Amino acid sequence: MASALATRCPACSTVFRVVPDQLRVSEGWVRCGRCTEVFKATESLVDLETGARRDWADVLPRSPTPGLPNAGPPPADAQAEAGAPA
Ligand SMILES: [Zn+2]
């Protein structure tokens, strides 16, 4: 269920439809077709149908996170040389 995304130009408040693929390529930057303001669309994403705020992180398909190797050796107990003279 991919709902249409839109973004709002901070300069003239025009709402534009945006395509996630496009934003990924441009790293989120778009140019307003009305006032030519260049702004980061990913910071003002809205759902075109509901007008609800959308997070860019939620829009992007999650890349599979490789399991971090968690098998490092435990820190060795440093044997303190207790060479203190009595
Ligand atoms: Zn604008």
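**Nonpolar core.** I began with the largest nonpolar core of this predicted model, which I find to have eleven residues: L5, C9, V18, L23, V30, C32, F39, A41, L45, W56 and V59. In soluble globular proteins, nonpolar side chains tend to be buried together. I then took L45 from this core and looked up its contacts; leaving aside residues up to four places away in sequence, L45 touches A6, T7, V18, L23, A52, R53, R54, W56 and V59. I note that V18, L23, W56 and V59 are among the contacts of L45 and are also listed in the core.

**Zinc site.** Which residues hold the zinc ion as protein donors? I find C9, C12, C32 and C35, each through its SG atom, lying 2.3 Å from the ion. The angles among the four donor atoms run from 106 to 115°, and the site is tetrahedral, for which all angles must lie between 85 and 135 degrees. Along the sequence the donor residues follow the spacing C-x2-C-x19-C-x2-C. I placed C9 in the loop between β1 (5–8) and β2 (15–18), and C35 in the loop between β3 (29–31) and β4 (38–40), so this pair ties together parts of the chain that are 26 residues apart in sequence.

I then asked of two donors, C9 and C35, whether each is buried or exposed. C9 has a relative accessible area of 1% and is buried, whereas C35, at 29% relative accessibility, counts as partly exposed. The cut-off matters here, because buried means under 20% relative accessible area. C9 and C32 appear both among the zinc donors and in the nonpolar core.

**Strand pairing around β1.** I followed β1 to its partners next. Strands β1 and β2 run antiparallel and are joined by four bridges; within this pair, R8 has V15 as its bridge partner in β2, and A6 has R17. Strand β1 is also joined to β5 (residues 45–47), by three bridges and again in an antiparallel arrangement. On that side I noted T7, whose bridge partner in β5 is L45, the core residue that I had already seen touching T7 and A6.

**Positive phi values.** Where does S13 sit in the chain? I found S13 in the loop between β1 and β2, a hairpin with six residues between the strands. The phi of S13 is near 65°, which is a positive value in a residue other than glycine, and at 43% relative accessibility S13 counts as partly exposed. I made a second entry for E27, which also is not a glycine and has a positive phi of about 60°. E27 lies in the loop between α1 (20–25) and β3, and with 61% relative accessibility it counts as exposed.

**V38 and T50.** I looked up V38 in strand β4, where it is partly exposed with a relative accessible area of 47%. Apart from residues up to four places away in sequence, V38 touches W29, V30 and R31; of these, V30 is a member of the nonpolar core. I also recorded that the C-alpha atoms of V38 and A11 are separated by 9.2 Å, although the two residues are 27 residues apart along the chain.

For T50, I noted a place in the loop between β5 and α2 (56–59) and a relative accessibility of 58%, at which T50 counts as exposed. The C-alpha atoms of T50 and L5 are 9.9 Å from each other, with the residues 45 apart along the chain; L5 itself is listed in the core.

**Whole chain.** I closed with the overall layout. The chain has two helices and five strands, and from the N terminus on its elements run β-β-α-β-β-β-α. How many of the 86 residues, as a percentage, count as buried? I record 23%. The accessible surface of the chain comes to about 7000 Å², and 53% of this belongs to carbon and sulfur atoms. Among contacts between residues at least 6 apart in sequence, I note that 40% join residues at least 24 apart.

Terms used:
Residues are numbered from 1 along each chain as its sequence is written. This is a predicted model: local features need pLDDT of at least 70, side-chain atom pairs count only at pLDDT 80 or more; totals for chains, interfaces and linings use all residues. Side-chain values use heavy atoms; hydrogens and water are left out. Donors are N, O and S atoms within 2.8 Å of the metal (3.2 Å for Na, K and Ca); water is not among the atoms, so sites may look incomplete. Four donors count as tetrahedral if all angles lie between 85 and 135 degrees; four count as square planar and six as octahedral if opposite donors are over 155 degrees apart and all others between 65 and 115; anything else is irregular. Buried means under 20% relative accessible area, exposed over 50%, partly exposed in between (1.4 Å probe, protein chains only). Two strands pair if DSSP finds at least two bridges between them. A nonpolar core is a set of buried Ala, Val, Leu, Ile, Met, Phe, Trp, Tyr and Cys residues joined through side-chain atoms within 4.5 Å. Contact means heavy atoms within 4.5 Å. Accessible areas come from the Shrake-Rupley method with a 1.4 Å probe; for residues, only the protein chains shown count as cover.
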